[in-house]
Amino acid sequence: MTERFRELSGETAEEATALLGCFKTLQMATASASGAPEASYAPFVRTGDNAFYICVSDLSRHTGHLVANGRASVLIVEDESASPQLFTRRRLVFECGAEQVERGSERWQTIMNLFERKFGEVIGLIRPLADFRMFALMPRRGVFVKGFGQAFRIEGSALDALREIHDRDG
């Protein structure tokens, strides 16, 4: 039996981390309680807990989906203009649980301060709006696609294990 995964050097992990560090927004897929899909995007900040923190309005359908089922898929994808081949744009995809952060809590205040540092004065407008909720999108597992035939599973309790996928079942 052939081994489906192979441990990788730190270079590929560094490449995945660098790709993630290039973006201020994420693409997000959610589903309604009945399973209807929705694609959207949101600005995000991250902390040492690996979560993608987003602040989204109740007026958006994805907010209701996150409340209803607590799940999302996150996509970070290389800009088209930076990709030599559009069929193999480098990308990270994460399966996430969604946890609402209690408004006004110490954690909420800390994360909102990070949003303000990253996105500026617009956060001063958003912060007091009661229809905005904060969620921590907690990655459970992921995939990094580097190019043709170069896909890597992101695993481990700290998402610190990167393994090459050798077949379609990966």
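Does R89 count as buried, partly exposed or exposed, and at what relative accessibility? At 19% relative accessibility, R89 counts as buried; here buried means under 20% relative accessible area, exposed means over 50%, and partly exposed is in between, using a 1.4 Å probe and protein chains only.

Before going further, a word on what you're looking at. This is a predicted model, where local features need pLDDT of at least 70, side-chain atom pairs count only at pLDDT 80 or more, and totals for chains, interfaces and linings use all residues. Residues are numbered from 1 along each chain as its sequence is written, and side-chain values use heavy atoms, with hydrogens and water left out.

Let's start with the overall layout. The chain has four helices and nine strands; helices (H or I, at least four residues) and strands (E, at least two) are DSSP runs, numbered from the N terminus. Follow the sequence along and you'll read the pattern α-β-β-β-β-α-β-β-α-α-β-β-β. The chain is as compact as a globular protein of its length, because its radius of gyration is 17 Å, close to the 15 Å that the globule rule gives for 170 residues. That radius is taken over C-alpha atoms, and the rule is 2.2 Å times the number of residues to the power 0.38. Along its principal axes, the C-alpha trace spans about 55 × 35 × 30 Å.

Now for the chain-wide totals. Of the 170 residues, 40% count as buried. Take the contacts (heavy atoms within 4.5 Å) with a separation of 6 or more: residues 24 or more positions apart account for 64% of them. As for the surface, about 9800 Å² is accessible, and 52% of that belongs to carbon and sulfur atoms; these areas come from the Shrake-Rupley method with a 1.4 Å probe, and for residues only the protein chains shown count as cover.

Back to R89. You'll find R89 in the loop between β5 (71-77) and β6. Setting aside neighbours within four places in sequence, R89 is in contact with V77, E78, D79, E80, S83 and V145. With E78 there's also a polar link: the side chain of R89 reaches the backbone oxygen of E78 at 2.7 Å. Such a polar contact is a pair of N or O atoms within 3.5 Å; within protein, one must be able to donate a hydrogen and the other to accept it, and residues adjacent in sequence count only if both atoms are side-chain atoms. R89 and F148 are 59 residues apart along the chain, with their C-alpha atoms separated by 9.4 Å.

Next along is S105, in the loop between β6 (91-101) and α3 (106-119). S105 counts as buried, at 19% relative accessibility. Its side chain reaches two backbone atoms: the oxygen of E102 at 2.7 Å and the nitrogen of W108 at 3.1 Å.

For a residue within a helix, try H62, in α2 (residues 61-69). H62 is buried, with a relative accessible area of 7%. The side chains of H62 and S40 make a polar contact (2.8 Å). Apart from neighbours within four places in sequence, H62 is in contact with M28, T30, S40, Y41 and V56.

Last stop: E155, in strand β8 (residues 150-155). At 24% relative accessibility, E155 counts as partly exposed. E155 and V143 are twelve residues apart in sequence, and C-alpha to C-alpha they are 8.7 Å apart in space.
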